[in-house]
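Here is a small set of exercises to work through with the model open in front of you. Try each task before you read its solution.

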Amino acid sequence: MIQNDTICATATAQGVGALGIIRVSGQEAISISNEIFKGKDLTEVASHTVNYGFIVDSKLKTQNSETVIDEVMISVFKAPKTFTAEDLVEISCHGSPYIQQQIVELLIKNGARLALPGEFTQRAFLNGRIDLSQAEAVADLIAAENKASHEIALNQMRGGISSELQVLREQLINFTALIELELDFSEEDVEFANRQELKELVSSIKTKVTGLLTTFEYGNAIKNGVPVAIIGKPNAGKSTLLNSLLNEERAIVSDIPGTTRDTIEETLVIDGITFRFIDTAGIRETVDTIEAIGVGKAKEKVNSAKIVIHLYEEDLDILKELKPILEDKIVFNLLSKIDKNDWANDRYEMSLLKNYPNYHHFGISVKSGFNLDLLKQKLVQSIKSGIDENAVIITNMRHKEALQNAFESLENIASGMRIGLTGDLLAFHLRETLKHIGSITGQIDVDKDILGTIFGKFCIGK
Ligand SMILES: Nc1nc2c(c(=O)[nH]1)N(C=O)[C@@H](CNc1ccc(C(=O)N[C@@H](CCC(=O)O)C(=O)O)cc1)CN2
Ligand SMILES: Nc1nc2c(ncn2[C@@H]2O[C@H](COP(=O)(O)OP(=O)(O)OP(=O)(O)O)[C@@H](O)[C@H]2O)c(=O)[nH]1
């Protein structure tokens, strides 16, 4: 697919910088750039060269009294081996917003148009250089704020998800073709597609899809930060623990004001994973009864958390109260101030949540530092556990939904075979599965609106 118009935009951040890069892509990219460049004839230079010269107002250039805008380096990349797979020019100028704007305006005067957000990457997709999941990974890569999310995005950009899905697609396509061939011979009652093999294939693909789906929770936590609630009765040591965790990792601590006015989030990166400690300012100000503070507000915090740290000195009342909503959380039940409290005094029911899959229970002393490292280590472990670090990890809601749909279609095939569904209906469900899997990489036609949503989230110039 060839886009006819030539697009341009500043690719570097807005504001003053040392340098700025302006990108131009499309059939006229080189000739338009050449119009405003005084230096070598860009239409004559070899691909992948960097050329020194000046940006000048072309109208005046011919009159020999040109207005020089800037001294620049221009890189020329000829299709198809370029970022967009089109002719691409990068003008590297001084990082003044004024200069950059002047250059963009000159390019537009000479026939380019301002690029939409993400349009360069979109062209790379439309021209087949990258698939949709790779394009989405470019956005994730730019947004990555820690090591773990950076790694996942980089892997996806390099085609991690694509190659995993490609294998599944090929296997399904083979069977679909065989079943559709049977339909052509429907009079003769032949079976080209071995039903037993198909059954096994569907079951193995279901397992793979389920595996990918289970990585989403991890992937999403990595991408957006893992919400952690610290709860406990007044004076249990909550603030002391939080401050101590934050101080220890001071180098990478930041205060992020929450989305709502009364929510404060403190984020902390441990071992490449971002944890977001949830706190509501309201809690700090409440002068309510102990119960109200202890349970009511704790509930609020717990609901939005993935990890719950319960600090206690005396009793487990809060934990008992909250038990029903803790089942799907990672729970750290910590006996606080262990320097003061004797383990032997820990006479309360330790088995309270013993059957919960993600339950940790130990003593801690922020004062002496006892078990603080253990806590950090277990926080990281509890998130990483069960995930193969080299495995493909799903971080994108769109991908998750597509996989869920694919799973449903696969179930339709499996149950269809059990009840002896006819070939045409099996073929239909196979096609549906292929459609859902293909929508992740964009191998099938993806709705224009969906493309708009995906690329609209990028910055202009990307
Ligand atoms: N100056 C500059 N730096 C940049 C970018 C850019 O566009 N310009 N990038 C923008 O994101 C990133 C690098 N990503 C890129 C990805 C692919 C191609 C590219 O030309 N691919 C071709 C040819 C590869 C080759 O020469 O072997 C291809 O895949 O066909 C270029 C940059 C980061 N740094
Ligand atoms: N001995 C000892 N004292 C501690 C420890 N952790 C906290 N404390 C003390 O316990 C008191 C209460 O600590 P905070 O961190 O304010 O407790 P909190 O749970 O945030 O209390 P509220 O804000 O009232 O909910 C302070 O005097 C702390 O110094 C510890 O590990 N050992």
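**Exercise 1.** How far is a nitrogen atom of ligand 1 from an N or O atom in the side chain of Glu90? Then describe the surroundings of ligand 1.

*Solution.* Keep in mind that this is a predicted model.

Step 1: The distance between the nitrogen atom of ligand 1 and the N or O atom in the Glu90 side chain is 2.6 Å. A polar contact is a pair of N or O atoms within 3.5 Å, so this pair qualifies.

Step 2: Look at the oxygen atoms of the ligand. An oxygen atom of ligand 1 is 2.7 Å from an N or O atom in the side chain of Arg23, and the side chain of Lys462 also has an N or O atom 2.7 Å from an oxygen atom of ligand 1. The accessible area of ligand 1 on its own is 680 Å², and the protein covers 46% of it.

Step 3: List the shell. Arg23, Lys81, Thr82, Phe83, Glu90, Arg129 and Lys462 surround ligand 1. Sorted by class, they give one nonpolar, one polar and five charged residues.

**Exercise 2.** Which residues come nearest to ligand 2, and what polar contacts can you find there?

*Solution.*

Step 1: There are 14 residues around ligand 2, and the nearest are Asn235, Lys238, Ser239, Thr240 and Asp339. The shell has three nonpolar, five polar and six charged residues.

Step 2: Check the side chains. Asp339 has a side-chain N or O atom 2.8 Å from a nitrogen atom of ligand 2, while Lys337 has one 2.9 Å from an oxygen atom of ligand 2.

Step 3: Check the backbone too. At Val366, a backbone N or O atom lies 2.9 Å from an oxygen atom of ligand 2. On its own, ligand 2 has 650 Å² of accessible area, of which the protein covers 67%.

Step 4: Compare with a record. An unreviewed UniProt entry lists Ser239 and Thr260 under "binding site". Ser239 sits in helix H9, which spans residues 238–248.

**Exercise 3.** Are Ser239, Ser162 and Ile364 buried or exposed?

*Solution.*

Step 1: Ser239 has a relative accessible area of 52%. Exposed means over 50%, so Ser239 is exposed.

Step 2: Ser162, in helix H7 (residues 160–184), has 10% relative accessibility. Buried means under 20%, so Ser162 is buried. Leaving out residues up to four places away in sequence, Ser162 touches Asp131, Ser133, Gln134 and Thr441.

Step 3: Ile364 is at 1% relative accessibility, and therefore counts as buried. Its place is the loop between strand S14 (359–363) and helix H13 (372–384). Beyond the residues up to four places away in sequence, the partners that Ile364 touches include Leu241, Leu311, Lys337 and Phe370.

**Exercise 4.** How many helices and strands does the chain have, and what share of its residues is buried?

*Solution.*

Step 1: Count the elements: 16 helices and 14 strands.

Step 2: The chain has 462 residues, and 48% of them count as buried.

Step 3: Turn to the surface. The chain exposes about 23200 Å², with carbon and sulfur atoms supplying 51% of that area.

Step 4: Consider the contacts with a separation of 6 or more. Residues 24 or more positions apart account for 65% of them.

Step 5: Finish with one pair. Ile364 and Val68 are 296 residues apart in sequence, and their C-alpha atoms are 68 Å apart in space.

Conventions:
Residues are numbered from 1 along each chain as its sequence is written. Chains are lettered from A and ligands numbered from 1 in the order in which they are written. This is a predicted model: local features need pLDDT of at least 70, side-chain atom pairs count only at pLDDT 80 or more; totals for chains, interfaces and linings use all residues. Side-chain values use heavy atoms; hydrogens and water are left out. A residue is near a molecule or strand if one of its heavy atoms lies within 4 Å of it. A polar contact is a pair of N or O atoms within 3.5 Å; within protein, one must be able to donate a hydrogen and the other to accept it, and residues adjacent in sequence count only if both atoms are side-chain atoms. Accessible areas come from the Shrake-Rupley method with a 1.4 Å probe; for residues, only the protein chains shown count as cover. Ala, Val, Leu, Ile, Met, Phe, Trp, Tyr, Cys and Pro count as nonpolar, Asp, Glu, Lys and Arg as charged, and the others, Gly among them, as polar. Helices (H or I, at least four residues) and strands (E, at least two) are DSSP runs, numbered from the N terminus. Buried means under 20% relative accessible area, exposed over 50%, partly exposed in between (1.4 Å probe, protein chains only). Contact means heavy atoms within 4.5 Å. UniProt positions are given in the numbering used here, feature names are shortened, and annotations may be inferred rather than shown by experiment.
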